[in-house]
Amino acid sequence: MTSFHTTARRFQSIIYKENGFPFKGTIMPVDEGEVPSYDFSSPRLVLRTITKDVVKARDVIIDKLNRRYIVASHGYSPWGDQFTFRLFQVLADLSWKRQTTVVNPLTGLPQGGVPVDLGLAPCLVEMTGRQFPDRPSNLMEETRRILTSVELQLGDHLDDAIVKRIDTSLGVTYAEIV
């Protein structure tokens, strides 16, 4: 008897993790009613696999057209023994640095040290608008919203921007950078 599980095998293709590990899965668009439209404006895709634990949230995968995607959790699949993940296309690799702290030997107080280079962070970056941080001076700053597979901390530097807000959802990091 044919089931969704056996039918899914026919439509699978080989997809690679960024580390070169191959696995079988299907990348397909999401019905617009299933994903909130305010999330991110890039095309919404899902990855379906029939093998448990071949990918997890925060993995970066590469499709046959060499596009890179950040894998996020999506929940239980209503199609039987399939495992579903949300995909966000990597549009930028931002240099990622974290400020270290050292204890001043004279005062015993912590102070800023040399920034540590943590490599490149694969990100989906979107402009969110302008904020008015100081009403009397009327200064504006541009904020960008990012989704990334790395675990950011407040104050981290991504290229020329600083991480101001962080939220973890769907197993990946959402952040606002200024």
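Let's start in a turn: Asp-159 is partly exposed, with a relative accessible area of 43%. Asp-159 sits in the loop between β12 and β13, and this whole picture comes from a predicted model. The chain around that loop holds 1 helix and 14 strands. From here we'll look at the hairpins, a buried aspartate, the cores, and how far the prediction can be trusted.

**The first hairpin: β12 and β13**
- β12 and β13 form a hairpin with 2 residues between them.
- The two strands, β12 and β13, run in the antiparallel sense and pair over 2 bridges.
- If you want to see one pair of partners, find His-157, which stands opposite Ile-162 in β13.
- Asp-159 is in the turn of this hairpin, and its phi is positive, about 55°, although Asp-159 is not a glycine.

**The next hairpin: β13 and β14**
- β13 also pairs with β14, again in the antiparallel sense, this time over 6 bridges.
- One place to look is Ser-169, whose bridge partner in β14 is Val-172.
- β13 and β14 form a hairpin with 2 residues between them, and Leu-170 is in the turn.
- Leu-170 is another residue other than glycine with a positive phi, near 60°.
- Is Leu-170 buried, exposed or partly exposed? With a relative accessible area of 27%, Leu-170 falls between the 20% and 50% cut-offs, so it counts as partly exposed.

**β14, wrapped up on both sides**
- Why is β14 described as largely enclosed by the rest of the structure? Because 6 of the 6 residues of β14 are buried.
- On one side of β14 you'll find Val-172, Tyr-174 and Glu-176, all buried.
- On the other side of β14 are Thr-173, Ala-175 and Ile-177, and these are all buried too.

**A buried aspartate: Asp-156**
- Asp-156 lies in the loop between β11 (139–148) and β12 (157–158).
- Asp-156 has a relative accessible area of 1%, so it counts as buried.
- Which side chain does the side chain of Asp-156 make a polar contact with? The partner is the side chain of Arg-98, at 2.9 Å.
- Leaving aside neighbours within four places in sequence, Asp-156 is in contact with Trp-96, Lys-97, Arg-98, Ala-161, Ile-162 and Val-163.

**The nonpolar cores**
- The largest nonpolar core has 12 residues, among them Leu-94, Trp-96, Cys-123, Ile-146, Leu-158, Val-163 and Ile-177.
- Which elements give two or more residues to this core? They are β7 (92–98), β10 (116–134), β13 (161–169) and β14 (172–177).
- There's also a second, separate core of 11 residues, including Phe-23, Leu-45, Ile-61 and Phe-85.

**Over at the other end: Thr-26 and Arg-10**
- Thr-26 is part of strand β2 (residues 22–29).
- The relative accessibility of Thr-26 is 16%, which is under the 20% cut-off, so Thr-26 counts as buried.
- Not counting residues up to four places away in sequence, Thr-26 touches Phe-11, Gln-12, Ile-15, Val-46, Leu-47 and Arg-48.
- Thr-26 and Thr-49 are 23 residues apart in sequence, and their C-alpha atoms are 6.6 Å apart in space.
- Arg-10 belongs to helix α1, and Arg-10 is exposed, with a relative accessible area of 64%.
- Between the C-alpha atoms of Arg-10 and Thr-26 there are 9.8 Å, with 16 residues separating the two along the chain.

**The chain as a whole**
- The chain has 178 residues, and 36% of them count as buried.
- Take the contacts between residues at least 6 apart in sequence: 50% of those join residues at least 24 apart.
- About 10,900 Å² of the chain is exposed, with carbon and sulfur atoms supplying 55% of that.

**How far to trust it**
- The mean pLDDT of the chain is 84, and 79% of its residues reach 70 or more.
- Where is confidence lowest and where is it highest? Helix α1 (residues 4–10) is lowest at a mean of 61, while strand β4 (residues 60–62) is highest at 97.
- Where pLDDT is low, the predicted coordinates should not be read in detail.

How values were computed:
Residues numbered from 1 in each chain as written. Predicted model: local features only at pLDDT ≥ 70, side-chain atom pairs only at ≥ 80, totals over all residues. Heavy atoms only, no water. Core = buried A, V, L, I, M, F, W, Y, C linked by side-chain atoms within 4.5 Å. Buried < 20%, exposed > 50% of the residue type's maximum accessible area, 1.4 Å probe, protein only. Helix = DSSP H or I, 4+ residues; strand = E, 2+ residues; numbered from the N terminus. Polar contact = N/O pair within 3.5 Å; in protein donor to acceptor, adjacent residues only side chain to side chain. Contact = heavy atoms within 4.5 Å. Areas by Shrake-Rupley, 256 points an atom, 1.4 Å probe, with all protein chains shown as cover. Pairing = 2+ DSSP bridges. pLDDT = per-residue confidence, 0-100.
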